[in-house]
Amino acid sequence: MSQLTQQRAHEIIQSMGERKIVILGDVMLDEFVWGDVTRISPEAPVPVVDIRRESIHLGGAANVLANAVALGAQTCVIGVVGNDVAGERLRKRLEAASPLQKDEYLIVDGERPSTTKTRIIAHSQLVVRADRELRTPVNGSVEERIIASLKQTVQDADALVVSDYDKGVVTPHILEEILSLAYERMPVLIDPKIRNFPHYHPASLITPNHHEALRMTNLDEDSDEGLHRAARLIRERLRCDAVLITRGDRGIMLVEGDGDPVFVGTTAREVYDVTGAGDTVIATLATALSAGATMLEAATLANHAAGVVVGKVGTATIGSAELLATFAFDS
Ligand SMILES: Nc1ncnc2c1ncn2[C@@H]1O[C@H](COP(=O)(O)OP(=O)(O)OP(=O)(O)O)[C@@H](O)[C@H]1O
Ligand SMILES: [Mg+2]
């Protein structure tokens, strides 16, 4: 049974369009190279791919932006790119995707490449993935520019999202400078990685997947009880308002305050591509919370949104009408 009637889902989804979401995080470019294999290379026992076409997608924190935009939110992302072609492609795509995205929000760091994941696909099958990235934390002057952009953009924002992929953009210093400031005025949501774990404070909601939640707490039991224990420990350490653990095909678990956990099963009908599901979850949570949803309402919407996105090939976003349609038969 759903925790949300169609009427209430409609109310929340309608208000999403007037909200502004600021995202801080590791932006990435997903490159896809599509082709056919008809022979094995004479140089080594590897397939030779005849390239037919190429496409690019926004990844990481940039995919959080794409998901928030698809839901109708006003949004921008603050992050870092290298002085390279991939960085320029990211900048153009982001500015085309969202009118709020400004040039200076993507800071060029000449010491690193733009994080790029290149996938070569032949006959619908992934042949190889090649990554360009440097995971060292950004240097002091880049940090200061990130902080300045954040301070300016959160002034009139309705939610702040930290999309940490451990590629060096999210540092303890930036978190310290910005989280308290934002938390006083708006929901602060964190999609975490292990390295910065002690520094995600203060926050409204932290959304690790089950593996991350267990690693953060040195636990290993991936059961309802085990994850509840992990969520309690995370809350104790970070003193955040709520913890939402995503559990892949088992949906999500939400723990608010000292309350009992709420388990919401996945609504996915078909599963093709689960990459980016976490981005859909945090983007939907942020837009829903900023639109006045309760934590449980936002979690239910996010679970519905992720359930649709994992059934899509290629595009990893869901529009507001499509999200609303998932509630059509529930009330
Ligand atoms: N195999 C699946 N079957 C059904 N639903 C799924 C599946 N994988 C993911 N989902 C949905 O997507 C949500 C988020 O997925 P998951 O727990 O894999 O996040 P994640 O590991 O952070 O993903 P990401 O790769 O984007 O970081 C789940 O809570 C669920 O609603
Ligand atoms: Mg994730």
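**Figure 1. Packing of helix 8 against helix 9 in the predicted model.** In this predicted model, helix 8 and helix 9 pass each other in a right-handed crossing. The axes of helix 8, which spans residues 277–290, and of helix 9, which spans residues 295–309, come within 8 Å and cross at roughly 145 degrees. From helix 8, the residues Ala-277, Thr-280, Val-281, Thr-284, Leu-285, Ala-288 and Leu-289 take part in the contact, and they meet Met-295, Ala-298, Ala-299, Leu-301, Ala-302, Ala-305, Ala-306 and Val-309 of helix 9. Sorted by class, the residues of this contact of helix 8 with helix 9 comprise 13 nonpolar and 2 polar residues, with no charged residue among them.

**Figure 2. Helix 2 crossing helix 8.** The axes of helix 2 and helix 8 come within 8 Å and cross at roughly 50 degrees, an angle that makes helix 2 oblique to helix 8. The crossing in which helix 2 passes helix 8 is right-handed. On the side of helix 2 the contact is made by Asn-63, Val-64, Asn-67 and Ala-68, while helix 8 contributes Asp-279, Thr-280, Ile-282, Ala-283 and Thr-287. The contact of helix 2 with helix 8 divides by class into 4 nonpolar, 4 polar and 1 charged residues. Thr-280 of helix 8 takes part in this contact with helix 2, and Thr-280 is also one of the helix 8 residues that meet helix 9.

**Figure 3. Helix 2 beside helix 3.** Helix 2, residues 61–70, and helix 3, residues 85–97, have axes that come within 10 Å and cross at roughly 20 degrees; helix 2 is therefore roughly parallel to helix 3. Helix 2 passes helix 3 in a left-handed crossing. Ala-62, Leu-65 and Val-69 of helix 2 meet Leu-90, Leu-94 and Ala-97 of helix 3, and the residues of this contact divide into 6 nonpolar, no polar and no charged.

**Figure 4. The surroundings of ligand 1.** There are 19 residues around ligand 1, and of these Asn-209, Thr-246, Gly-248, Gly-278 and Asn-303 come nearest. Backbone atoms of several glycines are shown with the ligand. In Gly-248, a backbone N or O atom lies 2.9 Å from an oxygen atom of ligand 1, and a polar backbone atom of Gly-251 is 3.0 Å from an oxygen atom of the ligand. For Gly-276, the separation between a backbone N or O atom and an oxygen atom of ligand 1 is 3.2 Å. Two of the nearest residues named above can also be placed in the helices of Figure 1: Gly-278 falls within the span of helix 8, residues 277–290, and Asn-303 falls within that of helix 9, residues 295–309.

**Figure 5. Backbone geometry in two loops.** His-201 and Pro-202 are joined by a cis peptide bond, with omega about 0 degrees. Pro-202 is located in the loop that runs between strand 9 (188–191) and strand 10 (205–206). In the loop between strand 6 (116–122) and strand 7 (125–132) lies Ser-124, a residue other than glycine whose phi nevertheless takes a positive value, near 65 degrees.

Note on methods: Residues numbered from 1 in each chain as written. Chains lettered and ligands numbered in written order. Predicted model: local features only at pLDDT ≥ 70, side-chain atom pairs only at ≥ 80, totals over all residues. Heavy atoms only, no water. Axes fitted to C-alpha atoms, helices over the stretch in contact; angles between N-to-C directions. Helix = DSSP H or I, 4+ residues; strand = E, 2+ residues; numbered from the N terminus. Parallel < 35°, antiparallel > 145°, perpendicular 65-115°, else oblique. Left-handed = near helix turned anticlockwise from the far one by under 90°. Contact = heavy atoms within 4.5 Å. Nonpolar A, V, L, I, M, F, W, Y, C, P; charged D, E, K, R; others polar. Near = heavy atom within 4 Å. Polar contact = N/O pair within 3.5 Å; in protein donor to acceptor, adjacent residues only side chain to side chain.
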